[in-house]
Amino acid sequence: MTKVNSLKLLDAVMSAPGFPKSSGMHIVHAEPGRVTIALPRKPELLQFAGHFHGGVITALADQAAGAATTTALPEGKIGVTVEIKINFLSPADGDELIARAEVLQAGGTIGVAKVEIFTKDAKSERRCAFGTATMRAVDLPKPMT
């Protein structure tokens, strides 16, 4: 997939109605096989102690891994999750989350990506989670093409 086409596709996915858009996720950087997505802190994304909820962290990792995998697939294909594994390393208590995903392997039907999630504030950035995701290449839905 060309860089221009993959960026247009990622923009379409991120701006479509659904959780990525309503949560505030946005692409910071994208190139073939690598994507960075940010998510600003909002009260509805936090758990009882004021940290980003684990499900939100996992959703961000999933979105980043799928986006990175999609950039490595042939045109007309998109990566959807088959399996995701997250290790939480520390509380995510910053002003925003940053997910950096990189494709480790992309084939005709399956891709594998690693994702690091960082909690970021004005002073620092700290890794708070790490994961891997297996993605299946499927045909793009008709409205996306």
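Which residue forms a salt bridge with Arg100? Glu125 does, and the closest N and O atoms of the two are 2.9 Å apart. Keep in mind as you read that this is a predicted model.

## Strands side by side

Let's start with the strands. Strand 4 (residues 96–106) and strand 5 (residues 110–120) run antiparallel and are joined by 10 bridges. With three residues between them, these two strands form a hairpin. If you look for Leu97, you will find Thr119 of strand 5 standing opposite.

Strand 5 also pairs with strand 6 (residues 125–139), again in an antiparallel way, through 11 bridges. Here too there is a hairpin, and four residues make the link from strand 5 to strand 6. Across this pairing, Phe118 stands opposite Arg127 of strand 6.

## What the record says

The unreviewed UniProt entry carries the annotation "domain: Thioesterase" for residues 50–122. Over residues 50–122, the chain is 47% strand and 25% helix. The C-alpha atoms at the two ends of this stretch are 17 Å apart.

## Charged pairs

Side chains of opposite charge can pair when their charged atoms come close. The structure holds six salt bridges, and several of them involve the strands you have just met.

Take Arg126 and Asp93, which form a salt bridge with their closest N and O atoms 2.8 Å apart. Arg126 lies in strand 6, while Asp93 sits in the loop between strand 3 (77–88) and strand 4, so the pair ties together parts that are 33 residues apart in sequence. Are these two residues buried or exposed? Arg126 counts as partly exposed at 32% relative accessibility, and Asp93 is partly exposed as well, at 40%.

Now return to the opening pair, Arg100 and Glu125, with 2.9 Å between their closest N and O atoms. Because Arg100 is in strand 4 and Glu125 is in strand 6, this salt bridge ties together parts that are 25 residues apart in sequence. Arg100 is partly exposed, with 33% relative accessibility, and Glu125 is partly exposed at 36%.

Another salt bridge joins the side chains of Glu116 and Arg127, at 2.7 Å from N to O. Glu116 belongs to strand 5 and Arg127 to strand 6, so parts that are 11 residues apart in sequence are tied together. Glu116 is partly exposed, with a relative accessible area of 22%, and Arg127 is partly exposed at 40%. Finally, Arg34, Glu102 and Lys114 are joined into one network by salt bridges that share partners.

## Inside the nonpolar core

In soluble globular proteins, nonpolar side chains tend to be buried together. How many residues does the largest nonpolar core have in this structure? It has 30, and those with the most contacts inside the core are Ile37, Leu60, Leu97, Val115 and Ile117. At least two core residues come from each of helix 1 (3–15), strand 2 (34–40), helix 3 (54–71), strand 4, strand 5 and strand 6. Helix 3 gives the most to this core, with eight residues.

Ile37 is a good place to zoom in. Leaving aside residues up to four places away in sequence, Ile37 touches a set of residues that includes Met14, Met25, Val28, Leu60, Ala64, Ala67, Leu97 and Ala99. His26 and Gln63 are also among the residues that Ile37 touches.

Key
Residues are numbered from 1 along each chain as its sequence is written. This is a predicted model: local features need pLDDT of at least 70, side-chain atom pairs count only at pLDDT 80 or more; totals for chains, interfaces and linings use all residues. Side-chain values use heavy atoms; hydrogens and water are left out. Two strands pair if DSSP finds at least two bridges between them. UniProt positions are given in the numbering used here, feature names are shortened, and annotations may be inferred rather than shown by experiment. A salt bridge is a side-chain nitrogen of Lys or Arg within 4 Å of a carboxyl oxygen of Asp or Glu. Buried means under 20% relative accessible area, exposed over 50%, partly exposed in between (1.4 Å probe, protein chains only). A nonpolar core is a set of buried Ala, Val, Leu, Ile, Met, Phe, Trp, Tyr and Cys residues joined through side-chain atoms within 4.5 Å. Contact means heavy atoms within 4.5 Å.
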